[in-house]
Amino acid sequence: MAPLHSVGASVVLGALVVTGLVSALFAIRGGSRWTDRLRIALTVVIGLQVLGGVVLFASGARPRESLHLLYGLAALAILPLAATFASEAPPRPRAWVLASACLILVVVAWRLASTG
């Protein structure tokens with residue numbers, strides 16, 4: 001399961017970069033209705049990665065630092081929190097919020113990798 005969790009981290013990082021770039025492109029072009037769908041899809045990808053981490057933790061494989069657990073929860077919470085900030089905004093600002101959240105999540109993913 002640990003190798004799968006490691007591959008999942010790469011998938012999440014790739015999804016963060018792609019989603020961030022696509023949402024920035026949406027924001028530059030005036031917004032899109034796809035922004036919310038992108039956010040939901042990215043949240044599912046991150047949720048699956050967190051679920052894999054929970055399975056590893058339950059099976060006795062612990063991260064090197066317990067701070068890894070906090071960063072994992074933060075990664076799961078950032079997108080829903082960002083969505084609440086932009087829930088009533090027009091499409092363009094919502095796309096900028098998603099792009100910003102992806103940038104923050106890239107930093108969190110880097111910290112997750114360094115504490116894993």
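Throughout, buried means under 20% relative accessible area, exposed means over 50%, and partly exposed is whatever falls in between (1.4 Å probe, protein chains only). The model is predicted, so to speak of a local feature takes pLDDT of at least 70 and to count a side-chain atom pair takes pLDDT 80 or more, while totals for chains, interfaces and linings use all residues. Residues are numbered from 1 along each chain as its sequence is written, and side-chain values use heavy atoms, with hydrogens and water left out.

Take helix H1 to begin with; helices here are DSSP runs (H or I, at least four residues; strands would be E, at least two), numbered from the N terminus. Valine 17 sits in this helix and counts as partly exposed because its relative accessible area is 41%. Its C-alpha atom lies 20 Å from that of leucine 4, with the two positions 13 residues apart along the chain. The expected span of a helix is 1.5 Å times one less than its number of residues. On that basis the 27 residues of H1 should cover 39 Å, and the end C-alpha atoms are indeed 39 Å apart. The buried residues of H1 are His5, Gly8, Val12, Ala15, Leu16, Thr19, Gly20, Ser23, Ala24 and Ala27. Their cover includes H2, H3 and H4, where contact means heavy atoms within 4.5 Å. Just past the end of H1, glycine 30 adopts a positive phi of about 105°.

H4 gives a similar check on length. Its 25 residues should span 36 Å, and the end C-alpha atoms are 36 Å apart, which agrees. Buried positions in H4 are Arg94, Ala95, Leu98, Ala99, Ala101, Cys102, Leu105, Val108, Ala109, Leu112 and Thr115, and these pack against H1, H2 and H3. Isoleucine 104 also belongs to H4, but it is partly exposed because its relative accessibility is 48%. Its C-alpha atom is 9.7 Å from that of leucine 16, although 88 residues separate the two along the chain.

What happens in the interior? The term nonpolar core covers a set of buried Ala, Val, Leu, Ile, Met, Phe, Trp, Tyr and Cys residues joined through side-chain atoms within 4.5 Å. The largest such core has 17 residues, and the members that touch the most others are Leu16, Leu42, Ile46, Ala75, Leu79, Leu105 and Val108. Helix H1 (2–28), H2, helix H3 (67–85) and helix H4 (91–115) each give two or more residues to this core, with H4 supplying the largest share at 7 residues. Leaving aside residues up to four places away in sequence, alanine 75 touches Ile46, Leu105, Val108 and Leu112. In soluble globular proteins, nonpolar side chains tend to be buried together.

Some nonpolar side chains sit on the outside instead. Met1, Leu4, Ile40, Val44, Leu48, Leu51, Val54 and Val55 make up a surface nonpolar patch, with about 760 Å² of accessible area together. Areas come from the Shrake-Rupley method with a 1.4 Å probe, and for residues only the protein chains shown count as cover. Patch members have over 30% relative accessible area and no salt bridge; nonpolar side chains (Val, Leu, Ile, Met, Phe, Trp, Tyr) are joined within 5 Å, like charges within 9 Å. Helix H2 (residues 34–58) is the main contributor, with 6 residues. Two residues of H2 are valine 54 and valine 55. Valine 54 is partly exposed at 48% relative accessibility, and valine 55 is partly exposed at 41%. From valine 54 to leucine 69 is 9.2 Å, C-alpha to C-alpha, for a separation of 15 residues in sequence.

On the charged side, the whole structure holds 2 salt bridges, each defined as a side-chain nitrogen of Lys or Arg within 4 Å of a carboxyl oxygen of Asp or Glu. One pairs arginine 39 with aspartate 36 at 3.8 Å, N to O. Both residues lie in H2, 3 residues apart, or about one turn of the helix. An α-helix has 3.6 residues a turn, so residues three or four places apart point the same way. The other bridge brings arginine 94 to aspartate 36 at 3.7 Å, N to O. This pair links distant parts of the chain, 58 residues apart, with arginine 94 in H4 and aspartate 36 in H2. Through shared partners, Asp36, Arg39 and Arg94 join into one network. Aspartate 36 is partly exposed, at 28% relative accessible area, whereas arginine 94 is buried at 18%.
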